[in-house]
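Visitor: I would like to be walked through a model, with the reasoning spelled out at each step.

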Amino acid sequence: MLKIMREMKVVRKISQNRDDYIIIVGCGRLGSHLANLLSKARKSVVVIDKEEKAFNRLSEEFSGFTIEADAIEIDTLLKAKIDKADVVVTTTNDDNTNIMIAQIAKSIYGVPKVIARLFEPARQKIYEELEIETLCPTVLSALEFKNIIVGKEMED
Amino acid sequence: MNIIIVGGGKKVHFLTKSFISKGYRVTIVNNDKDYCKKLARMHDANIVYGDGTKPYILEDAGIAYSHMVIALTPKDPDNLVICQIAEKIYKIKRTFAVVNDPKNIDIFKKLGIDTVISTSDIISSLIEQKVSIDDITNLIPIEEGKIAIMEMEMNIDYPIIDKKLSEITLPKDAIVGCIIRGNNTVIPRGDTIIQRGDRLIVLSLAAAQPDVLKSIRGRVD
Amino acid sequence: MNKKILIVDDEKNIRMTLRHCLKEQNYDIDIAINGDEALNKIQNQKFDLVLLDIKMPGLTGMQVLEKLRNRGNDVNIIMMTAYGTIEKAVEAMKLGAIDFISKPFTPDEIRNIVKDVLSRQELKEEKLENFKDIIEFAKKCILEKRYDRAEEFLKKAVSMDVDSPEPHNLLGVLSEFKKDVSNAQKHYRAALALDPTYEPANKNLERTAQFRYTQAGIKLDVKDNEGDEGSEKDKSK
């Protein structure tokens, strides 16, 4: 009976399309900036980082939770209550760590929305195979530069 | 058979030696330039310098015509990604990932990696076996410890000595795979008589091990 | 009339998060940044509920709880624990706090527990409609120190929902009250057998394992156990 209840929970989450409880893995420049923005937008945010001092990057008005631990360890993700998360964003410096945590969130814990930051565009294919949404700052920035230089009319 | 090993360190070194001696073709992918040079000197294998978690590096290593990929880096996420790239993009059927954190065994399996090996688990279980039972060697943990292969030397006080195999009651989840007698290998049949000094190779489900020990030695420990 | 809630936590972001989460529910929210301020405010105003952080500099949450109960104040309290700590569940319950929430918590989690605790007051024995009501009523009995009644209702709860670990966990706590640790552990194990991920039972089992260890007279140097609440508990005994 318990198993059925858990499955129901996942279905319910998807249909409600909520984004209230967001876990951000990695409090670097990107992670902390995102955390600040989301916190301002009244979302409940949990930031995980291996180093306590990374949390200094969070703004004064940050109203969320911080956990100093290694997100690769499943215990950390459980403490962050990943099973209740609506969104998980992985923004560590290591693409492979991001992929692994993103998969754990998506395939094992059924988190409805999972986004991973990707540095190396060459790895994009594997993320697509695994159906994980990615954000590649390298590609996005290049696109922006291109638009400034030659304008948007040219095909990518 | 063409094998790609991604990683470094002693494990890769000895594995490579072993594979090459069996006639396999080995390509090693490693991210340390100096170590790559060293590997090239030591082994008759292809060495590719680069990050094995990038698809184009694996392509350089000839993944397109490889039969097996072994991910042996010190970082579990890297090993995960290597195996997934191999399976999903290059359709490699046999991939092995080594995990350093035993807790990741379960996670890797849930994420679709078939064969996951935790070296610390294997080592600690081998040590445990060695410490508790002297004349029995647990050879190979297969299927994460569900199947056990044991080599047992027949001591004079074992109750099964001088009996026919058909007369011995072994648990139903165990068989005597073969008997090493001096320099010969005997494939046992019902009328094979167990002799003192024989080395029996016994396969059993791990759960049946205590019963197997009891049947053969007359005691468990 | 709006319910009055006091948030007691030394961390600003926690106070802000709680304010956020509870905003739309028509509660009057006040804050205190440490134990002393909390005690003062509770002395001077009537609150319907206090959200109390356990780990604070100065007076800890447990100390605040103890002082309140010693003064005869029986305001509803939800203890907030940080992740990685072993709840002093039994001690807190003896002091009259039975509700815990661990950080981090989702907005839903905090809203639900606040709602449950506030509506518990209204529960009447004749009008218990479902499993949840019975559990809440049992908790009410525990807070009122009517342990035998609580046990009665918890057993009823078990028969109503055989799959839920919660009543077993609470029965374990009651056993501990009666100093029957081995029975308590049986109950915690029963809870875990039903749901191996049920944290409260897990923590309680862990904690009682420690407790027995010290009971056997083996000296645990308190200095070795930094932040280990099990051995602190031993000290207080």
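Visitor: How many helices and strands does the secondary structure of chain A come to?
Guide: The model is a predicted one. Along the sequence, chain A follows the pattern α-β-α-β-β-α-β-α-β-α-β-α. Its secondary structure therefore comes, by runs of at least four residues for a helix and at least two for a strand, to 6 helices and 6 strands.

Visitor: Is A:K43 buried or exposed?
Guide: A:K43 is found in the loop of chain A between α2 (29-40) and β2 (44-49). A residue counts as buried if 20 or more other C-beta atoms lie within 10 Å of its own. Because A:K43 has 20 other C-beta atoms within 10 Å, A:K43 is buried.

Visitor: How are α6 and α7 of chain C oriented to each other, roughly parallel or roughly antiparallel?
Guide: Helix α6 (residues 131-143) and helix α7 (residues 147-160) of chain C pack with their axes 8 Å apart and at an angle of about 160 degrees. Angles over 145 degrees count as roughly antiparallel. The two helices, α6(C) and α7(C), are therefore roughly antiparallel.

Visitor: How do the residues of the contact of α6(C) with α7(C) divide into nonpolar, polar and charged?
Guide: On the α6(C) side the residues include C:F131, C:I134 and C:I135, and those they meet in α7(C) include C:R149, C:F153 and C:K156. The residues of this contact divide into 13 nonpolar, no polar and 2 charged.

Key: Residues are numbered from 1 along each chain as its sequence is written. Chains are lettered from A and ligands numbered from 1 in the order in which they are written. This is a predicted model: local features need pLDDT of at least 70, side-chain atom pairs count only at pLDDT 80 or more; totals for chains, interfaces and linings use all residues. A residue is buried if 20 or more other C-beta atoms lie within 10 Å of its own, exposed if 12 or fewer, and partly exposed in between; C-beta atoms are placed from the backbone. Axes are lines fitted to C-alpha atoms, for helices over the stretch in contact, and angles run from 0 to 180 degrees between N-to-C directions. Angles under 35 degrees count as roughly parallel, over 145 as roughly antiparallel, 65 to 115 as roughly perpendicular and the rest as oblique. Two residues are in contact if their C-beta atoms, placed from the backbone, lie within 7 Å. Ala, Val, Leu, Ile, Met, Phe, Trp, Tyr, Cys and Pro count as nonpolar, Asp, Glu, Lys and Arg as charged, and the others, Gly among them, as polar.
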